[in-house]
Amino acid sequence: MDSLGMPSYARRMSEEEATLNLNAMNKLGGKKPWRLSFSFGRALQQSTLKAWCGKEENLPKAQRAFLTRCKANSEATLGIYKGSAKLGEGASESLHVKDYKY
């Protein structure tokens with residue numbers, strides 16, 4: 001099935017670390033039995049929410065942060081990400097939440 005994928009769940013990594021690791025996995029040679037992708041919530045939320053802060057006036061800033069992470073993760077799914085995304089606030093922070101039940 002072409003639509004199957006395996007999202008990279010990066011519970012203790014930052015958005016950027018997860019993106020770099022996803023990129024590294026997709027750069028590995030050989031045929032993979034599934035597509036390596038990313039979890040939209042994990043890979044895109046932190047910096048977007050930090051930029052927005054729930055304030056209407058921050059919406060353009062949040063949209064820019066969201067698009068930056070989208071582009072970075074899109075490139076990482078192809079194994080072509082160069083680590084060149086402008087890191088927004090929160091993109092380099094760990095996403096780990098102590099004692100959170102998944």
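**Helix packing and core of the predicted model**

The protein comprises three helices and two strands. The model is predicted. Read from the N terminus, the order of the elements is β-α-β-α-α. The protein has 102 residues, of which 33% are buried. Among contacts with a separation of 6 or more, 72% join residues 24 or more positions apart.

Helix α1 (residues 15-27) packs against α3, their axes coming within 6 Å and crossing at roughly 25 degrees. Because angles under 35 degrees count as roughly parallel, α1 is described as roughly parallel to α3. On the α1 side, the contact is made by E15, E16, T19, L22, N23 and N26. On the α3 side, the residues in contact are R69, A72, N73, E75, A76, T77 and L78. Sorted by class, the residues of this contact are four nonpolar, five polar and four charged.

R69 lies in helix α3, which spans residues 59-78, and is among the residues of α3 in contact with α1. The relative accessible area of R69 is 1%. Since buried means under 20% relative accessible area, R69 is classed as buried. The side chain of R69 makes a polar contact with the side chain of T19, at 2.7 Å. T19 is itself one of the α1 residues that take part in the contact with α3.

The largest nonpolar core consists of seven residues: L22, L36, F38, L44, A72, A76 and Y81. At least two residues of this core come from β2 (35-38), and at least two from α3. Three members of the core, L22, A72 and A76, also appear in the contact between α1 and α3. In soluble globular proteins, nonpolar side chains tend to be buried together.

L44, a further member of the core, touches E15, F38, F66, R69, C70 and N73 when residues up to four places away in sequence are not counted. Of these partners, F38 belongs to the largest nonpolar core, whereas E15, R69 and N73 are listed in the contact of α1 with α3. L44 thus touches the buried R69, the residue whose side chain is also in polar contact with that of T19.

Outside these packed elements, a backbone feature is found at C53. This residue is located in the loop between α2 (40-52) and α3. The phi angle of C53 is near 55 degrees, a positive value in a residue other than glycine.

Key: Residues numbered from 1 in each chain as written. Predicted model: local features only at pLDDT ≥ 70, side-chain atom pairs only at ≥ 80, totals over all residues. Heavy atoms only, no water. Helix = DSSP H or I, 4+ residues; strand = E, 2+ residues; numbered from the N terminus. Buried < 20%, exposed > 50% of the residue type's maximum accessible area, 1.4 Å probe, protein only. Polar contact = N/O pair within 3.5 Å; in protein donor to acceptor, adjacent residues only side chain to side chain. Axes fitted to C-alpha atoms, helices over the stretch in contact; angles between N-to-C directions. Parallel < 35°, antiparallel > 145°, perpendicular 65-115°, else oblique. Contact = heavy atoms within 4.5 Å. Nonpolar A, V, L, I, M, F, W, Y, C, P; charged D, E, K, R; others polar. Core = buried A, V, L, I, M, F, W, Y, C linked by side-chain atoms within 4.5 Å.
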